[in-house]
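Dear colleague,

I am handing over the structure we spoke of, and my notes on it follow below. Please read them with the coordinates open beside you.

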Amino acid sequence: MYNNPMHHHGHQGPQVLYQADPQWQSVIKHKREELMHALHPHIGHTIRVTTIDGHTHEGVLVHADGHHVHLQVPVHGYHPGHHDGYSRPMTPAQFQILTLVLFELLVILLYA
């Protein structure tokens with residue numbers, strides 16, 4: 001007789017730890033679509049985002065999908081601007097891509 005290693009005597013299958021409310025699911029889907037319509041026209045522009053935990057990030061919006069926002073930000077410790085008395089353009093090595101979870105964003109500001 002074959003014994004399924006996932007099935008133990010007295011165990012009735014997986015236990016649900018959490019299940020989202022169906023009404024909540026439809027609200028989240030609607031908000032995701034709303035955010036995508038708001039963000040897509042501004043790809044390539046500088047934005048500032050504040051997360052629900054109070055963290056603020058500023059960078060160029062390079063991509064947004066239904067789950068994440070991707071910002072191009074200066075590498076930690078590098079600040080663009082004047083060095084040695086004159087302004088230098090930033091090189092790609094001075095940037096990194098920061099990926100943020102879309103639903104953790106509380107405020108998104110566009111810089112003109």
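In this predicted model, the count of salt bridges comes to two. One of them joins the side chains of glutamate 58 and arginine 48, with an N to O distance of 3.1 Å. This pair links distant parts of the chain, since glutamate 58 lies in strand β2 and arginine 48 in strand β1, ten residues apart. With 38% relative accessibility, glutamate 58 counts as partly exposed, and arginine 48, at 31%, counts as partly exposed too. The two residues also stand opposite each other in the pairing of the strands, arginine 48 facing glutamate 58 in β2.

The other salt bridge is formed by the side chains of glutamate 34 and lysine 31, at 3.6 Å from N to O. These residues are three apart in helix α1, and therefore about one helical turn separates them. Glutamate 34 has a relative accessible area of 40% and is partly exposed; lysine 31 is partly exposed as well, at 39%. As for the wider setting of lysine 31, its C-alpha atom is separated by 8.9 Å from that of phenylalanine 103, although the two residues are 72 apart along the chain. As a general remark on such pairs, side chains of opposite charge can pair when their charged atoms come close.

Turning to the fold, the secondary structure of the protein chain consists of one helix and seven strands, and the order of the elements from the N terminus is α-β-β-β-β-β-β-β. Among the contacts with a separation of 6 or more, 54% are between residues 24 or more positions apart. Of the 112 residues, 16% count as buried, and the accessible surface comes to about 8,900 Å², with 58% of that area belonging to carbon and sulfur atoms.

Strand β1 deserves a careful look. Five bridges join β1 to β2, and the two strands run antiparallel; five bridges likewise join β1 to β7, again with an antiparallel course. In the pairing with β7, isoleucine 47 has leucine 110 as its bridge partner. Four residues lie between the strands in the hairpin of β1 and β2, where glycine 54 takes a positive phi near 90 degrees. The side chains of β1 alternate along the strand: Ile47, Val49 and Thr51 point to one face and are buried, whereas Thr46, Arg48 and Thr50 point to the other face and are not buried.

Which of these residues might one not expect on a buried face, given its hydroxyl group, is a matter I leave aside, but threonine 51 is worth following a little further. It is part of strand β1, and it counts as buried because its relative accessibility is 6%, below the cut-off of 20%. Leaving out residues up to four places away in sequence, threonine 51 touches His57, Glu104, Leu105 and Leu106.

The largest nonpolar core is made up of twelve residues, namely Met36, Leu39, Ile47, Val49, Leu61, Ala64, Val69, Leu71, Val73, Leu100, Leu102 and Leu105. At least two residues of this core come from each of α1 (22-39), β1 (46-51), β2 (56-64) and β3 (68-74), and the largest share, three residues, is supplied by β3. Val73 is one of the core residues; apart from its neighbours within four places in sequence, valine 73 is in contact with Glu58, Gly59, Gln94, Phe95, Gln96 and Leu98. Glu58 in that list is also the partner of arginine 48 in the salt bridge described above.

On the surface there is, finally, a nonpolar patch formed by Ile52, Leu106, Val107 and Leu109, which together have about 360 Å² of accessible area. Leucine 106 has its place in strand β7, residues 105-110, and it counts as exposed because its relative accessibility is 57%, over the 50% that the term requires. Leucine 106 is also among the residues that the buried threonine 51 touches.

With kind regards

Methods
Residues are numbered from 1 along each chain as its sequence is written. This is a predicted model: local features need pLDDT of at least 70, side-chain atom pairs count only at pLDDT 80 or more; totals for chains, interfaces and linings use all residues. Side-chain values use heavy atoms; hydrogens and water are left out. A nonpolar core is a set of buried Ala, Val, Leu, Ile, Met, Phe, Trp, Tyr and Cys residues joined through side-chain atoms within 4.5 Å. Buried means under 20% relative accessible area, exposed over 50%, partly exposed in between (1.4 Å probe, protein chains only). Contact means heavy atoms within 4.5 Å. Patches are made of residues with over 30% relative accessible area and no salt bridge: like charges are joined within 9 Å, nonpolar side chains (Val, Leu, Ile, Met, Phe, Trp, Tyr) within 5 Å. Accessible areas come from the Shrake-Rupley method with a 1.4 Å probe; for residues, only the protein chains shown count as cover. A salt bridge is a side-chain nitrogen of Lys or Arg within 4 Å of a carboxyl oxygen of Asp or Glu. Two strands pair if DSSP finds at least two bridges between them.
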